[in-house]
Amino acid sequence: MTAHGVDRPGTSLTDRFARTIAHLGPIPLAQYMAEANAHYYAHRDPLGVAGDFITAPEISQMFGEMLGGWLADIALRAGAANGCYVELGAGRGTLARDALRVMKGAGLTQPVHLVEGSPVLRKAQGELLAGYAPTFHDSVDSLPEDRPLLILANEFFDALPVRQLIRTSEGWREMVVGMAGGQFVPVPGDRPMDAAVPDARRDAPEHTIIEVCPAASAIMHELAGRIAKQGGAMLAVDYGHLQSFTGSSLQAVRAHRKTDPFTDPGEADLTAHVDFAALAQVAQMAGCRIDGMETQGEFLLALGIAHRAAALARANADAAKPVGEALDRLVSPQRMGALFKVLALAAHDWPQGAGFAPAVQ
Ligand code: SAH
């Protein structure tokens, strides 16, 4: 066994991909990413110093407290005490624990529904949140239909598979993964894909890459449609762009370092930047109001995270230094503060969410 709990890292998935490519030809990049990440998350808890990466809720309780406070505030002002807490990709359950503690303090106790693909992380979530008896879901489709949804997603959308279209000298093609010299390599596929490219971008220069995430759009469409109908609100936090972009943002991280996404599939976390503009457009089309798109740093500061840090430091002198360091890590533009963005949306008949300038209709 290795530290990651699999016998020979990558062997089975590497062999499976190699066999598929040998028999059927190159596979779409989105399929490669989907299967690699399903394997990756199914076999480990990747979070923390000993794992591959650290996320905001694992840095400090303040992150979950701010997000939980945001949900409690909007739900109470909406007069909705009958909502349920929903989290997408809940990791170790830390964000839910911190958010639910604040919501409970505000008088909101509600059923907890977690959309989680990984059996290993489901177990961790079940243990940490035992007092809430969470219900697990394979997908958003089975979430309750009879009550408002109060939804959080941190570093969930970036793990969903992206599709890439590349402009070649012969027109647009989909990026596929083939093999050369025993290595996986991304290459333009054979089939013309011009019809899949929006008119405005069709004449982009050769080598331009357009990255889209159909899975993220589909999930956002379903959730925003539910919120519009059932009531509710959602915060999605991830690293990515407020405006749509061109180029590949696919990356792999293992043991806190960037590695090649095409080496050892299933043994590193594959992510791509989230296109927040595209997600916001989908949410609006599905009937929701966008309450804001902002950097994580500005959002957390607007919600008062610096005051919370000061209170924690006052309460425990030994905590002052680590709390100050965690605050800086979460909000400083040189660290997570600017790279990570927050998208907030709500039902039209719900009040405006806190922390943003007046709503974009
Ligand atoms: N939100 C947590 C964990 C982020 S890691 C935190 O901030 O610490 C990504 C999470 O999304 C993991 O829990 C992973 O198992 C889950 N995940 C990734 N792809 C998924 C998918 N397609 N369906 C359900 N869960 C998924």
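In this predicted model, the backbone of Gly89 places a polar atom 2.7 Å from a nitrogen atom of the ligand. Gly91 also approaches the ligand through its backbone, where an N or O atom lies 3.1 Å from a ligand oxygen. Thr55, by contrast, uses its side chain: a polar atom there is 2.5 Å from an oxygen atom of the ligand. The ligand on its own has 570 Å² of accessible area, and the protein covers 88% of this. In total, 16 residues surround the ligand, and the closest are Thr55, Gly89, Gly91, Glu116 and Asn154.

Attention now turns to the strands, beginning with S2, S3 and S4. Strand S2 spans residues 84–88 and runs parallel to S3, to which it is joined by four bridges. One way to find this pairing in the structure is to look for Leu88, whose bridge partner in S3 is Val115. Between these two strands the chain passes through helix H5, residues 94–105, and the resulting β-α-β crossover is right-handed. On to the next strand, the pattern can be followed again: S3, helix H6 (residues 119–128) and S4 form a right-handed β-α-β unit. S3 and S4 (residues 135–137) run parallel and are joined by three bridges. Here Val115 appears once more, standing opposite His137 in S4. Val115 can therefore serve as a handy landmark when tracing these strands, with Leu88 as its partner on S2 and His137 opposite it on S4.

The side chains of S3 itself are also worth a look. In a regular strand, side chains alternate between the two faces of the sheet. Strand S3, residues 112–115, shows Val112 and Leu114 pointing one way and His113 and Val115 pointing the other way. Are these residues buried or exposed? All four are buried, whichever way they point.

Another part of the model holds an open sheet of three strands in the order S12-S11-S13, with antiparallel pairing. Strands S12 (257–259) and S13 (269–271) stand at the edges; each has a single partner strand, so one side of each is left without a neighbour in the sheet. From one strand to the next, the twist averages 40°. Strand S11, residues 251–254, is joined to S13 by three bridges, and the two run antiparallel. Within this pairing, Val253 stands opposite Asp269 in S13.

Two residues in loops have a backbone feature that is easy to overlook. Most residues other than glycine have a negative phi. Ala255, in the loop between S11 and S12, has a positive phi of about 50° although it is not a glycine. Glu155 likewise is not a glycine and has a positive phi of about 50°; its place is the loop between strand S5 (149–154) and strand S6 (163–168). How exposed is Ala255? Its relative accessible area is 46%, so Ala255 counts as partly exposed. For Glu155 the relative accessibility is 17%, and this residue therefore counts as buried, the cut-off being under 20%.

Finally, Arg44 sits in the loop between helix H2 (29–42) and helix H3 (56–59). With a relative accessible area of 4%, Arg44 is buried. What does its side chain reach at 2.8 Å? The answer is the backbone oxygen of Tyr40. The side chain of Arg44 also makes a polar contact, at 3.5 Å, with the side chain of Glu267.

Conventions: Residues are numbered from 1 along each chain as its sequence is written. This is a predicted model: local features need pLDDT of at least 70, side-chain atom pairs count only at pLDDT 80 or more; totals for chains, interfaces and linings use all residues. Side-chain values use heavy atoms; hydrogens and water are left out. Buried means under 20% relative accessible area, exposed over 50%, partly exposed in between (1.4 Å probe, protein chains only). A crossover is right-handed if, with the strands pointing away from the viewer, the path from the first strand over the helix to the second runs clockwise. Axes are lines fitted to C-alpha atoms, for helices over the stretch in contact, and angles run from 0 to 180 degrees between N-to-C directions. A residue is near a molecule or strand if one of its heavy atoms lies within 4 Å of it. A polar contact is a pair of N or O atoms within 3.5 Å; within protein, one must be able to donate a hydrogen and the other to accept it, and residues adjacent in sequence count only if both atoms are side-chain atoms. Accessible areas come from the Shrake-Rupley method with a 1.4 Å probe; for residues, only the protein chains shown count as cover.
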